[in-house]
Amino acid sequence: MPKIAITFVMAIGMILTPIYLLSMSRQIFYGYKLFNTPNFYVFDSGPRELFVSISIFIPVIGIGMYPDFVLSLSVDKVEGILSNYFYR
């Protein structure tokens with residue numbers, strides 16, 4: 001019975017935590033009166049913010065899809081460290 005109660009409490013926590021964090025993030029970025037304004041603009045970023053966002057977004061997606069490109073840069077160093085560690 002205690003395992004079931006602990007599991008239930010953990011499940012409730014896993015459901016309520018994202019709800020709380022997302023609502024808090026919305027209040028941080030958009031303020032409290034998000035939906036009460038008569039002229040609500042979703043996209044308030046200019047070209048500079050879009051350029052920075054895209055400059056960060058493209059490498060993240062590229063590394064996520066092709067991680068071997070980045071990991072291949074450190075293969076020699078890792079092999080050197082492992083050879084020193086295992087062959088003493």
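Helices, in the sense used here, are DSSP runs of at least four residues, numbered from the N terminus. With that in mind, the protein chain of this predicted model can be read from its N terminus on as α-α-α-α, and its secondary structure comes to four helices and zero strands.

A good place to begin is helix H1, which covers residues 2-30 and therefore has 29 residues. From its first C-alpha to its last, H1 reaches 42 Å, close to the 42 Å expected at 1.5 Å a residue. Just after H1 comes Gly31, whose phi is positive, at about 90 degrees.

Turning to the surface, buried residues make up 1% of the 88 residues in the protein chain, while the accessible surface comes to about 8900 Å², with 72% of this belonging to carbon and sulfur atoms.

On that surface, Leu50, Ile54, Phe57, Ile58, Ile61, Met65 and Tyr66 form a nonpolar patch, and together they have about 760 Å² of accessible area. One of these residues, Met65, lies in helix H2, which spans residues 47-65. Met65 counts as exposed because its relative accessibility is 55%, and exposed means over 50%.

Notes. Residues numbered from 1 in each chain as written. Predicted model: local features only at pLDDT ≥ 70, side-chain atom pairs only at ≥ 80, totals over all residues. Heavy atoms only, no water. Helix = DSSP H or I, 4+ residues; strand = E, 2+ residues; numbered from the N terminus. Expected span 1.5 Å × (residues − 1). Patch = residues over 30% accessible without salt bridge, like charges linked within 9 Å, V, L, I, M, F, W, Y side chains within 5 Å. Areas by Shrake-Rupley, 256 points an atom, 1.4 Å probe, with all protein chains shown as cover. Salt bridge = Lys/Arg side-chain N within 4 Å of Asp/Glu carboxyl O. Buried < 20%, exposed > 50% of the residue type's maximum accessible area, 1.4 Å probe, protein only.
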